[in-house]
Structures are given as structure tokens and as C-alpha cells.
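Please look through the model below before reading on. The text after it deals with charged side chains and then with one helix.

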Amino acid sequence: RFVSTILDEHQLTVTELSAGGEILLYSRAQTRIFVESCEPLNVQYKLWKESDPKPENYSLLSRTSSVPEDTAVLDLKEDSLGPEERYKLDVLVSPKRLSNWEILGQTITLNARSGYPLKILEIGSEFPVLSPTTANTVEVTVGSFDSELSFLWKFTPNNLKLLSDNKSPRLVFEGTLSDQPLSSGETYTFTITVADKYQSISASRSFDVNVTPKDGSIQVFPLTGSELETQFTFNLTAWNDEHTPLRYETYLLVGSTRQLLSTRAWDKLELPAGPIEDNYEVTLEFNIFDSYGADTRIERNIQVLPLPADRLPGVIDSKLSTLQETVNSSARILTEDDSQKILGTIFVLDQATSRIDDGSKATNPQKLDFKTRFWNITSKTAKGATPQLKTQEMIFDVVQNLSLQPAYLIPSLIEKAFEIYSSTFADPAIVEESQVKSIISGLGNLLNRISEDPVLK
């Protein structure tokens with residue numbers, strides 16, 4: 001707010017330059033009133049509530065300041081100013097050279113409203129660095145009693161792919177540009193402008209894109225072996241990153257599917273045979289993460305030769321029996337790592353099962369038996385495990401195989417399918433929406449299949 005003083009030899013006139021509006025008085029802060037003058041002034045402030053029947057008491061504030069230049073600071077640190085209260089502020093100004101300035105000076109009464117200064121308390125992110133691969137969030141924390149705030153984010157470089165509006169307190173954006181990771185080590189600066197009805201403030205903060213782990217090595221031995229029998233050993237060593245501890249994940253890649261097999265830096269794996277057209281090679285993907293999620297990915301191809309067809313079912317059956325003993329044992333509580341290993345093994349065995357020859361039959365009953373055992377084991381793994389279930393595919397496999405079985409097997413198989421769905425749905429470990437939807441979808445398909453076939457119905 002600006003107050004202009006115009007002097008002649010005998011009197012002082014005061015003109016308020018702000019047309020309408022109110023002065024915002026900050027409790028526990030400073031309000032600056034700018035005064036234009038050709039010489040030093042005395043300024044006196046008198047503050048009173050608009051509703052006060054006796055404003056002459058000036059009980060809230062009565063203070064005199066000397067203004068050598070053009071700014072008078074009204075320092076309000078009293079707790080008596082509540083938010084959204086209305087006040088009158090009398091400002092008496094007079095040149096210092098006038099001896100009786102309180103009489104010769106001029107007073108202007110201004111409308112005032114109490115409030116609190118708008119402050120940007122923090123610009124923060126989940127981590128102190130940006131992820132080069134996954135979604136990032138930058139958020140502003142504001143100190144204000146005004147609920148009607150506006151926000152506007154700007155950032156440089158301005159090439160980020162936003163996943164949210166840039167006019168909200170939280171800015172969400174991809175960790176990739178055109179499906180490529182953000183450049184490690186690059187710096188992004190975020191500027192937020194926050195405004196209420198009376199003021200607008202801005203602040204900036206810069207974040208570096210996280211650098212992925214480097215300088216390490218991966219050893220895999222042997223590079224050739226047999227499915228479900230050879231134990232392939234891998235070792236991830238000498239990986240460096242400033243953000244520790246490091247985390248490791250090893251995946252088996254099958255088509256577009258990535259199945260997690262291990263979360264260790266050193267482990268032994270049994271693998272399914274690779275496709276004959278790829279010279280029986282399978283691909284392992286090794287991921288090394290720092291503590292903020294930046295990861296380095298490296299692939300290795302391994303030749304896994306198929307077992308003879310007459311031996312394969314027996315090997316699968318033996319390994320399934322071992323898994324069933326593990327998950328059914330009441331003497332052992334499965335850890336998340338145990339559960340993840342079981343789910344990975346189920347995936348490997350499922351891949352091997354697909355190679356069992358159906359012979360002259362429409363399908364092999366043993367295949368269906370393996371599929372149902374897979375699902376039973378999967379549904380009994382520990383609650384703490386991260387779900388890597390092929391739930392949808394397993395249920396559809398069971399439903400599809402039902403229609404291919406000999407007629408005398410159908411009733412018992414239907415009963416078995418309903419038993420699996422019911423027990424799984426009641427399992428307290430099934431908590432994720434995707435799992436529940438898969439079970440309901442599978443059950444719905446089973447009912448539809450029954451209703452379409454007169455014999456099944």
C-alpha cells in the first residue's frame with residue numbers, strides 16, 4: 001500500500017494511492033507501508049478493531065516510527081491478531097521539521113485484515129535424487145491459513161513427461177524420456193509459484209538424476225546344462241554406488257514375460273529348456289539397484305538342453321512333491337525370499353510342463369494335474385511374498401483343459417476346480433485386487449464353460 005504526502009509551507013495532505021482493497025496485517029510478522037516524501041517523516045500507527053465501540057482507546061497498537069527514507073515498518077508480533085478479523089489502521093504522517101506534528105500532520109484511515117504470511121516451507125521428493133527409470137514425485141509444502149491457493153510448476157530442462165497436472169501441490173512425472181532413462185547425473189530445477197488472494201511467492205529446488213550402479217561384474221557357470229537338473233550358479237560382484245545398500249533381482253525372460261527367480265547377489269538356479277529354434281538358449285536378466293531404485297540391467301544367454309521326454313514328467317512330479325512338503329510344513333514359516341523362490345520354481349516347472357507330449361490324446365491328464373498342483377502351491381505361499389503369480393494364465397489353463405478331458409473325468413475335475421477357487425478365495429494371503437479379480441474371472445469362465453456344454457451342465 002502506498003501513501004503519498006504532498007507538502008507546502010502550511011499543511012500536509014495525504015492521498016491513498018491503493019484504490020479499494022485492504023492491507024493484510026501479519027500476526028507475528030512485519031507489514032511494510034511505503035511512504036513517498038521529499039524529507040524525513042514522523043509516522044504514527046494506531047490500530048483498532050472495526051467492531052470496537054471505543055476506537056479512541058487504541059488498545060491494540062499505538063506506536064511512533066521515524067522514517068528517514070520511504071519505508072515504514074509496522075512490526076506486529078502480538079498474538080492478539082486472529083485470522084480474518086477486520087481492523088482500522090490510522091496512519092498519521094508529518095514532516096520531522098514541524099514542532100507540533102501531531103496537530104499539523106495528516107491522518108489517513110486504512111482498512112486492514114489480519115492474516116498470516118504465505119510461506120513455502122519445503123520442496124521435497126521421496127528421495128534426494130530422481131529415479132532414471134521409474135515415476136518421480138516432487139511436492140511443495142506450504143504454510144498458509146488460506147484454503148484457496150493456486151499452484152504452478154515450471155522445470156528446466158522442460159522435457160519431462162508429466163503424469164499429473166502442473167497446477168497442483170504434487171508434480172508427478174516419468175523417469176524416462178521416449179522410453180529411455182533420464183540421463184544419469186543431469187540436474188533438473190523445479191520452480192513452484194504459490195498464490196492466495198493477496199500475495200504470490202516462488203521458490204526453486206534442484207535435483208540430480210540418480211546414477212546407476214557401475215563397475216561390477218557378473219559370472220555365470222556353467223553356460224550349458226540340462227533343464228531342471230543342472231544348477232546354474234551366478235555371482236554379482238564389485239558393484240559400486242554411493243547409495244547403499246545395493247539390491248539384486250534376477251529374472252528369467254520368456255517372450256514378453258519377466259519372472260523373478262532370485263533376490264540375491266549369489267544363487268543357484270534350475271532352468272527350463274530353451275526353444276530349439278534358439279539353439280536351446282534362455283535369457284537371464286540381472287538387475288542391480290541402489291537404495292533409491294536406480295538400476296543397471298544386464299542380460300546373459302545360457303544354453304539349457306531338454307530332458308528326454310520319458311524322464312520329464314517324473315522330474316516335474318518329484319520337484320512338485322518337494323515344494324508341496326515345504327509349503328505344507330507347519331514347522332517352518334516361509335520368508336519373503338522363500339516364497340519368491342517357490343514362485344520362481346513354479347514358473348520354471350510350468351514352462352517345462354508345456355513340453356510334455358500329449359500323444360494321441362486331446363490333452364494329457366498329467367498336465368492338468370501339474371497345473372492344479374502349481375495353483376495349490378502358489379496359493380499357499382507366505383502372505384509377505386510379492387505376488388508374481390501367473391494366476392490368470394493358470395486358471396484359464398485349468399478351465400480350457402477341462403473341456404478336453406474324457407467325459408468320465410469331467411465331474412471330478414470340476415469339483416477339484418471349484419475346491420481350488422473356493423479355498424484360494426478364502427485364503428487371507430489373497431489381498432491384492434488383481435488376485436481377487438483373477439480368481440473371480442477364472443470362476444466365471446468355469447461357470448460359462450459348464451453352461452455351454454449340455455454334458456457338463
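**Salt bridges and a buried helix**

Asp295 has a relative accessible area of 7%, so this residue counts as buried. The model is a predicted one, and Asp295 is a convenient place to enter it. The side chain of Asp295 forms a salt bridge with that of Arg297, with N and O 2.8 Å apart. Side chains of opposite charge can pair in this way when their charged atoms come close. In total, the structure contains 10 salt bridges.

Some of these pairs have partners in common. Arg264, Asp267 and Lys341 are joined into one network by salt bridges that share partners. Within that network, Arg264 pairs with Asp267, and their closest N and O atoms are 3.9 Å apart. A salt bridge is counted when the nitrogen lies within 4 Å of the carboxyl oxygen, so this pair meets the cut-off. How buried or exposed are the two partners? Arg264 has a relative accessible area of 36% and is therefore partly exposed. Asp267, in contrast, is buried, with a relative accessible area of 5%.

Another salt bridge joins Lys319 to Glu270, with an N to O distance of 3.0 Å. This pair links distant parts of the chain, as the two residues are 49 residues apart. Lys319 belongs to helix H2, which covers residues 312-328. Glu270 sits in the loop that runs between strand E23 (266-269) and strand E24 (281-289). Lys319 is partly exposed at a relative accessible area of 21%. Glu270 also counts as partly exposed, because its relative accessibility is 27%. The cut-off for buried is under 20%, so Lys319 at 21% falls outside that class.

The next element to find is helix H3, residues 336-353. The helix has 18 residues and spans 26 Å from its first C-alpha to its last, close to the 26 Å expected at 1.5 Å a residue. Why is H3 described as largely enclosed by the rest of the structure? The reason is that 13 of its 18 residues are buried.

Thr353 lies in this helix and shows what such burial looks like for a single residue. Its relative accessibility is 0%, so Thr353 counts as buried. A polar atom of the Thr353 side chain lies 2.8 Å from the backbone oxygen of Leu349. An α-helix has 3.6 residues a turn, so residues three or four places apart point the same way. Which residues does Thr353 touch once neighbours within four places in sequence are left aside? Thr353 is in contact with Ile316, Lys367, Phe370 and Phe374.

Key:
Residues numbered from 1 in each chain as written. Predicted model: local features only at pLDDT ≥ 70, side-chain atom pairs only at ≥ 80, totals over all residues. Heavy atoms only, no water. Helix = DSSP H or I, 4+ residues; strand = E, 2+ residues; numbered from the N terminus. Expected span 1.5 Å × (residues − 1). Buried < 20%, exposed > 50% of the residue type's maximum accessible area, 1.4 Å probe, protein only. Polar contact = N/O pair within 3.5 Å; in protein donor to acceptor, adjacent residues only side chain to side chain. Contact = heavy atoms within 4.5 Å.
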